[in-house]
Amino acid sequence: MKLFRISGGIHPKESKELSADRPIERLPLASVLRIPLQQHIGGPAVAVVDKGDAVKKGQILAVGRGMVSAPVHAPTSGRIVSIGRFVAPHASGLPGQTITMRPDGRDEWGELPAPIDAFGVDPAVIAERVAASGIVGMGGATFPSAVKLNLRNRHKLDTLVINAAECEPYLTCDDRLMRERTAEVVDGVRIMRHGLGVGRAIVAVEANKPAALAALRLAVAAGGFADVTVVEVPTRYPMGSEKHLVQTLTGQETPARALTADIGIVVHNVATAFAVYEAVRLGRPLIARIVTVSGGAITRPGNFEVPIGTPVSHLVEQCGGFRGTPERLLLGGPMMGQPLASTRASIVKGVNGVLALAAAEAPTGPIMPCIRCASCVAACPCGLAPFDMAARIRKEELDGAVRIGLLDCIACGSCAWVCPANIPLVQYFNYAKGKLTAEQRTKHKQEETKRLAKFRADRLEQQRKAKEEAMARMKAEREAKKRQAEAAARVEVEG
Amino acid sequence: MIEAMGILLGLGVALGGGLGVAARLLKVEGNPVAAEIEEMMPGTNCGQCGHPGCSAAAAALAAGSAPVSLCPPGGKALASALADKLGIVSDLSGMADRGSVIAFVFEDLCIGCTKCLKRCPTDAIVGASRQIHGVVDDACTGCEQCAEACPTGAIVMRPETDTLATWHWPKPADRLAA
Amino acid sequence: MTARGPIGGPHTHSGASVGRTMGLVAVALVPATAYGLYAFGWPALFLFSGTVVAALLWEALSLKLAGKPVRLFLFDGSALLTGWIVAMTLPPWAPWWIGVLGAFVAIVLGKHAFGGLGQNVFNPAMIARIFLLISFPVEMTQFLEPRPLLSPGAPGLAESLAIFVFGHAGFDAISSASLLGTVKTALGQGTALPDILSNSHGLLPLAIGAVPGSLGETSAVLLVLGGLFLLATRVITWHAPVAMIATMAALSGGFHLADPARFLDPATQLLSGTFLFAAFFIVTDYVTAPATGTGKLIFGAGVAFLTFVIRTFAAYPEGIGFAVLLMNATVPLIDHVVRPRIYGRTRSGEPIRYEER
């Protein structure tokens, strides 16, 4: 298959060898699981169980709310201990609504929906099952997958692309999944292809995973699946960026501010495909995922099948704990992963890695002034001038930064990776994007306030009018009575 | 000599006349700045600035008789926006930015007198007579009128804290701050 | 660090640093510099060291006055490099104060007056060169034939020190003009070009540097070697040097063909004076050049064009300094107009449109 070049990009040190040869392991259950209700983009799920309830494995704990949302299921059997706020797996370390459960150790399945004859049903049935199983994009974006399958209703689609690039350094969970559960992954890919209502699926794997590529090709050939093509794409970060992967495969650029669906393509992560297989073929909701635990400060790196809600601290303990003091503790890869505020936070659906980086692995150089070397311009896969944007943001010229493309930035971090001055470019961009959103929120609130104030003023005015009218009426009645009385008196006098 | 004087005189008359005509034709009724400023104000007419309402405050700002830092609910953000709008270079570093605050009702002190309900310009307090009142966070503008009205001191203003939905990355510390 | 709140990503880094970049440039400068020091002997070595030390002292003083961390910036290599490049553009036997003054103008006026590292609009070394050339035309144009270290005609240590401190007026040196200077003077007197060149150097001495010239700018071969090293290590990109060389070759080639008696041939134009030094070490300066490839092409071509015009039609025999400063002034404009195309957008910034599907 002919591939196309993307501009920019970098070749960070892969460090995948730390965990690439460690088979997926299951770990003993943690003594307590904390399941956040917001594990996806969109509205948080709403709890449908109460404190004290006994739940079975796979039982629904919270239902999705709104068009874009996802339900949450019990990762094992046990009892609900509390429903309240707990530190979220998020850079801020702020609390989020969380269901805490204590496993009973029996790990008993509840009643599961019946398996579906995947290729004998309407695509809508697949999407419905995917939605009910709480499946979200497992590459880290956590967008509800069913919403993406349903794009077929609004867009003319022709291709499903399965993103198995795994371009982030250190991470090997997708690699292991493809090598160890190849048949299931391929089946999941084909089910998704059918669910999306398109004729072909392309599985794109970076060249640094030859074993996964070979396994997938073998499985596809053995099954005689003409609808699935396995493609080796060059190892180049950020190959796993949806729009760049599509460009590599098709040569087509997704227009700015648009979806890949606008050019007929929907991209799903390979781990999502496995989750879809389990949901459709076995009726199992998304309650566990494969996580790579790695980094120089982890005693025993590896790949693990982790129930959702497992505390990070439990996972680290099972890997032999920290080796020395980690310089950085991250959820996800080192390029786009988020710093972890506390190891008490849980593994959620979008977490593909837990990294504890030693001081030698993390950048610690002093921040210098920009010397305009333009390395960032060359590295940017989106054709931006990061140094210029950061300079504007530093001076609070947010609108200026937007004019030169801030909102086209995918925050891949290539610019900051090459920056010889160690300027935290990505943080400048994240700050600016967040501040712009906050400003919009403030503006919205101000408009809302004005509306409320006007509403109240109108109401007070109406009340005043009503009162006046009532007064006038009473006065009129009193006078009428008075006149009647006077008239009567006159009659008496005259009479 | 005469020629030059004539030319200059002619030029003067023509340009001066042009200015005079323009002044009449292009005259702006009212003060458009005042209207634009009013758009920027919170619009709750809370009166903390000492003016009878946001509209009056905007007029005073436009006339230059009020400082840009006059609006407590607007805070530093509004003050700097106003300074930009009016082209004033104003040192706001001294202005304490209390951040955005919202009202909070201590339930054990609230006697359910409904005085706060009546004062709230955005109907952000809910409750009824002899029932504990509560604040609708999203509607509260932090104007403090309710706190002033409360006879038992049950209402305090609390800083609006970040949530997972509102948090965003802080600006990187300026380089070499260490 | 006052690192409060989370540390943003990415959490891995290429290992690039300002110091490393500057170090690589220094390495690239070593061959040409070493040759210059060898060819012009002890006085050149004194001048070179004096200029570099002065640059570091001026840098330290400026940082102190600006309240910036002296240690961090002094050793990032930028001041060392600026002093180095200034020294390379000086006549090799110039007295000490030329070097110290040059370093002052480059570091204090050219760099720190604009706000320090990364903030200057004009190339500091070129500001220093032009400042000295205009202020001290005599000292700045007294070149001499190479007298290699330890060769019979070379001054000894004591004599060299005297030259460094008092200038070489007392030493019986045959000062001569550079090739471009000779050509300019002779052409001005109405001599035809072939006659001038016949009793001048051939191309080979120009290429290896056996000609009168500035301290570090004479050996074309070694300068190109350094430039290729910078290209190979990706410190610089090909755009500006290639645009500069190509433009000069095309322009001078055209004019030379039209009138060989008046206009120098392209090879001489490229190999003489500061041209190749500027192509690899001056127009590739990060701070004062455009950020995009296209911008660098425009910039390099502009420098070559102005250089040719000044060399050929203006009063000065060498025009690189002026050309670079003039083009430096256009860099903000070039960077504003020439931007990379944003992914998913057309050059004009509109989202790409596909046929309605």
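This passage looks at how chains A and B meet and at the largest cavity in the model. The structure is a predicted model, so local features need pLDDT of at least 70 and side-chain atom pairs count only at pLDDT 80 or more, while totals for chains, interfaces and linings use all residues. Residues are numbered from 1 along each chain as its sequence is written, chains are lettered from A in the order in which they are written, and side-chain values use heavy atoms, leaving out hydrogens and water.

Let's start with the interface. Here 34 residues of chain A are in contact with 35 residues of chain B, contact meaning heavy atoms within 4.5 Å. On the side of chain A that touches chain B, 17 residues are nonpolar, nine polar and eight charged (Ala, Val, Leu, Ile, Met, Phe, Trp, Tyr, Cys and Pro count as nonpolar, Asp, Glu, Lys and Arg as charged, and the others, Gly among them, as polar). Three salt bridges are counted between the two chains (a side-chain nitrogen of Lys or Arg within 4 Å of a carboxyl oxygen of Asp or Glu). One of them joins the side chains of A:Arg459 and B:Asp123, at 2.9 Å from N to O.

Now for the largest cavity, a set of points on a 1 Å grid over the protein atoms alone where a 1.4 Å probe fits but cannot get out. Its lining takes in 24 residues, counted if they have an atom within 4 Å of a point. Nearest its centre lie C:Met22, C:Leu81, C:Ile85, C:Asp285 and C:Tyr286. By class, the lining has 15 nonpolar, seven polar and two charged residues.

How values were computed:
1 Å grid on protein atoms, 1.4 Å probe; cavity = no way out; pocket = protein on both sides within 12 Å on 5 of 7 lines; lining within 4 Å.
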